[in-house]
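Me: I would like a close look at a single part of this model, namely chain A, its sheets, its helix packing and its division into domains. Please give one connected account, and add a short view of the other chain for context.

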Amino acid sequence: MKTTRRLWVLLSVLVLVAAACSTDDTTDTTTTQTATTTEAPGGAGTETTTTEPPPSEEPTTIRYFTFSAAPDNLDALDAMIVAFEAENPDVKVEVETAPFDNYFTLLQTQVAGNDAPDAFELNFENFVTFATKGTLADLGPFTSADTGFDGEAYYQPAFDAFAVGGTQYGLPASYSTVMLFYNQDIFDAAGIDYPTDDWTWAEERATAEAIAATGDNVWGFFAGVHYWEFYKAAWQNGCEFFGADGSVQVNEPGCVEALQFMIDYVNDGVQPTAAEMGGVSDGDMFLNGELGMITTGIWMFSGFEGADFTWDVVVEPGNTRGGSHFFANGVAVSAASDADKQEAAYRWLRFFTSSDEAAKIRVAASWELPTLTDASLYDGYLAIEPPANREAVLASLENVVVPPVIERQAEMQDALNGLIERALSGEMTAQEALDQAKAEIEALL
Amino acid sequence: MIWLGSDRRWWIVFVAPSLTMLLVFTVAPIAAAAVLSFYRWDLLTSPEYVGLGNFIELAGDDGFRAALVHTLTFIAGYVPSVMVIGLVLALLLNRRSRLSGVSRVVFFMPVVAAWVAVALMWKWMLNSRFGVVNWVLSLVGVEGPAWLFERGWAMASVIGVSVWKDAGFVMILFLAGLAAIPAEHREAAFVDGANPWQAFWRVTFPLLTPVVLLVLIILMINSFQVFEQVWILTEGGPLGSTTVVVERIVKNAFSFGRMGYAAAMSWVLFAFIFSVTVLQTRFQKRWVHYGA
């Protein structure tokens with residue numbers, strides 16, 4: 001009897017300990033999630049390629065992990081896989097997907113558990129982290145052995161972005177960019193001229209003020225006040241986070257001015273504050289007809305299709321120089337996979353990123369844009385309206401800004417976002433916030 | 001197995017499934033976290049032993065200290081409020097009537113609802129432009145604040161929503177406690193000339209103190225781990241004014257790739273919860289009365 005009671009006490013203690021330690025719960029969920037997502041949409045494309053007479057050996061099955069395909073573009077991805085497997089009967093591609101918010105956690109967990117997918121997608125910001133930690137295979141041996149490979153076919157800044165120290169660890173797959181969108185009805189009503197592709201900050205600001213002055217529930221402009229907008233605005237003002245020697249320059253006058261310019265939009269009532277927005281997203285405010293102009297990505301094209309007003313886009317204005325976002329997604333091969341799987345994975349990625357078939361499927365599905373220079377691929381894309389000025393998407397490629405990236409990327413973004421918010425609230429001046437940002441970034445290097 | 005006695009040997013078979021789950025999904029991760037807290041591990045490369053490095057860094061981590069202060073602020077606001085409201089509800093509903101039965105169900109419903117659903121619902125109700133809360137306030141001529149976007153109001157809102165959700169849980173525990181107190185005690189007090197106020201404080205409440213202790217311990221353990229409602233309602237903002245300890249742990253582990261550091265934070269959090277629980281049981285002799 002006594003021993004039983006002791007056991008119960010022990011059990012209760014264990015339960016209490018279990019209740020008290022919350023991180024472990026989180027770890028558990030991640031594990032289960034990994035298990036479920038691995039079984040996700042895989043099949044469709046894989047099943048269809050049994051027509052080819054079976055070669056003497058078993059086909060090599062590779063696992064491809066992606067975030068940008070799901071949920072909207074799985075059909076496009078399956079179509080690409082069907083085309084690839086028809087050309088390469090000795091390879092089977094199995095797709096695994098996860099939403100972007102969980103993707104990198106899952107990928108890290110799989111790498112840690114020695115269960116990395118053979119090929120996977122990486123956005124540029126995370127690419128550097130994965131490349132420098134030895135998780136990605138050097139693609140050099142594959143590209144040099146592959147007579148069909150043409151590095152020149154890629155848009156070069158994107159191709160170069162997926163190399164570290166001269167070693168090509170990834171291939172660029174797709175990109176998206178950010179434009180200045182404007183509500184033509186608001187401009188017409190106020191009798192103000194539309195923006196143009198060669199605007200500068202001063203014209204943007206003056207126009208935004210004029211629109212804000214037209215009514216109580218109309219604001220002239222919106223751009224997120226955070227890391228992504230800030231490094232781009234800084235670039236447009238001639239300032240970069242890191243100098244050529246790697247020194248941190250985020251508190252140089254050009255950067256401070258850029259942050260001040262962003263903050264002033266809000267402080268001067270030209271752009272709504274977070275409280276004024278009250279949890280309504282910037283895109284919804286634009287759709288509600290409350291914003292004259294908004295700086296946002298081309299991924300909003302489909303979301304704005306149903307707007308009950310006419311809208312268009314222009315290349316984003318710069319100050320001392322032009323600069324448009326370039327958000328590149330690349331694909332890479334796992335360093336941990338067997339040699340034959342790596343070779344098969346490389347062939348799939350080459351097809352996925354540079355073949356005409358894959359590019360056409362991608363453009364037709366509006367699944368971002370292929371990072372290829374062949375202009376004919378974009379014909380169908382440019383014909384779609386709205387926006388009428390879709391050519392501006394390609395024009396914005398003339399001056400691109402890529403995110404400043406360090407190994408401890410997430411922490412840098414977190415630190416900067418916190419300080420930018422402080423500057424916005426008036427708790428710190430732009431100069432103070434960026435002085436501290438410099439110190440915090442240096443501590444992360 | 002002999003020590004179990006032959007007739008009791010079977011229980012181990014019945015307990016085995018949950019015990020296995022507990023060992024694999026709780027005890028093993030706790031042990032792993034203990035080991036990890038002495039390593040630097042980004043999940044991509046092999047863990048690197050850093051001794052007490054994580055704990056030393058933690059001691060000087062302003063973000064963690066701020067999160068700890070916010071967590072304590074939450075506890076200071078939440079625990080007393082939810083206990084008082086839960087107790088008042090229990091006292092009001094401690095009678096047999098149809099209305100009381102229905103009310104108990106109504107007050108208990110938020111407890112059963114998932115936090116994500118509750119938090120999203122309140123996020124809309126507290127919306128400064130379209131929210132029903134500010135609309136009601138506007139009817140009486142008050143212009144409500146942007147609850148979740150103003151530094152002075154965000155934590156208060158999180159506390160309010162948490163109290164709303166959990167008061168029913170506290171109420172049920174107190175109702176059970178009240179039901180266990182024999183009616184004769186109160187009757188005797190009234191015969192001796194006590195008024196209801198005196199009867200409550202001198203008779204009912206002292207007999208209820210074991211339940212009060214239980215509720216206090218449960219609430220403390222839970223509120224040190226406050227996370228879901230914060231994550232959905234404010235994401236730690238505005239200006240980092242609602243960051244809490246578990247939020248820091250999740251961020252470090254899964255956004256920053258600092259598993260070891262996050263494990264160290266978990267252990268510090270555990271130490272806090274453990275010592276508070278020990279203190280509570282240690283001091284219970286001063287105010288908890290057992291036996292009716």
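Reply: What follows treats the domains of chain A, then its two sheets and their helices, and finally chain B.

The model is predicted. The domain assignment divides chain A into domain 1, made of 41–48, 56–176 and 327–373, and domain 2, made of 178–324 and 403–444. The C-alpha centres of domain 1 and domain 2 of chain A are 32 Å apart. Between the two domains of chain A, 8 residues of domain 1 are in contact with 8 residues of domain 2. On the domain 1 side of this contact, helix H6 of chain A (residues 124–132) gives the most, with 6 residues. By class, the residues on that side of domain 1 of chain A comprise 2 nonpolar, 5 polar and 1 charged.

The sheet of six strands may be taken next. In chain A an open sheet of 6 strands runs in the order E2-E1-E3-E12-E6-E13, and its pairing is mixed. Strand E2 (91–97) and strand E13 (369–370) of chain A are the edge strands; each has a single partner strand, so one side of each has no neighbour in the sheet. Within the sheet, strand E1 (residues 60–66) and strand E3 (residues 119–123) of chain A pair in the parallel sense, over 2 bridges. In this pairing A:Tyr64 stands opposite A:Ala119 of E3(A). Helix H16 of chain A (residues 339–354) packs on this sheet and touches E1, E2, E3, strand E6 (170–176) and strand E12 (327–333) of chain A. The direction of H16 makes about 55 degrees with that of E1(A).

A pair of helices in chain A also merits attention. Helix H4 (residues 74–87) and helix H17 (residues 356–364) of chain A have axes that come within 9 Å and cross at roughly 165 degrees. Angles over 145 degrees count as roughly antiparallel, and H4(A) and H17(A) are therefore roughly antiparallel to each other. The crossing of H4(A) and H17(A) is right-handed. From H4(A), the contact is made by A:Ala76, A:Ala79, A:Met80 and A:Ala83, and from H17(A) by A:Glu357, A:Ala358, A:Ile361 and A:Arg362. By class, this contact of H4(A) with H17(A) holds 6 nonpolar and 2 charged residues, with no polar ones.

The sheet of four strands comes next. This open sheet of 4 strands in chain A has the order E8-E9-E7-E10, again with mixed pairing. Its edges are strand E8 (219–222) and strand E10 (311–314) of chain A, each with a single partner strand, so one side of each is left without a neighbour in the sheet. On average, neighbouring strands of this sheet are turned by 20 degrees against each other, direction ignored. Strand E7 (residues 178–183) and strand E9 (residues 291–297) of chain A pair in the antiparallel sense over 5 bridges. A:Tyr182 stands opposite A:Met293 in E9(A).

Another helix pair of chain A is formed by helix H12 (residues 253–267) and helix H20 (residues 409–425), whose axes come within 9 Å and cross at roughly 50 degrees. That angle makes H12(A) oblique to H20(A). The crossing of H12(A) and H20(A) is right-handed. A:Leu259, A:Ile263 and A:Val266 of H12(A) meet A:Ile420, A:Ala423 and A:Leu424 of H20(A). The contact of H12(A) with H20(A) divides into 6 nonpolar, no polar and no charged residues.

Chain B supplies the context requested. Chain B has 12 helices and 2 strands, and along the sequence these follow the pattern α-β-β-α-α-α-α-α-α-α-α-α-α-α. The C-alpha trace of chain B spans about 75 × 75 × 35 Å along its principal axes. In chain B, helix H3 (residues 62–93) and helix H7 (residues 151–179) pack at an angle of about 40 degrees, with their axes 6 Å apart. H3(B) is therefore oblique to H7(B). The crossing in which H3(B) passes H7(B) is right-handed. By class, the contact of H3(B) with H7(B) has 19 nonpolar, 6 polar and 1 charged residues.

Definitions and conventions
Residues numbered from 1 in each chain as written. Chains lettered and ligands numbered in written order. Predicted model: local features only at pLDDT ≥ 70, side-chain atom pairs only at ≥ 80, totals over all residues. Axes fitted to C-alpha atoms, helices over the stretch in contact; angles between N-to-C directions. Parallel < 35°, antiparallel > 145°, perpendicular 65-115°, else oblique. Left-handed = near helix turned anticlockwise from the far one by under 90°. Contact = placed C-beta atoms within 7 Å. Nonpolar A, V, L, I, M, F, W, Y, C, P; charged D, E, K, R; others polar. Pairing = 2+ DSSP bridges. Domains from an automatic or database assignment.
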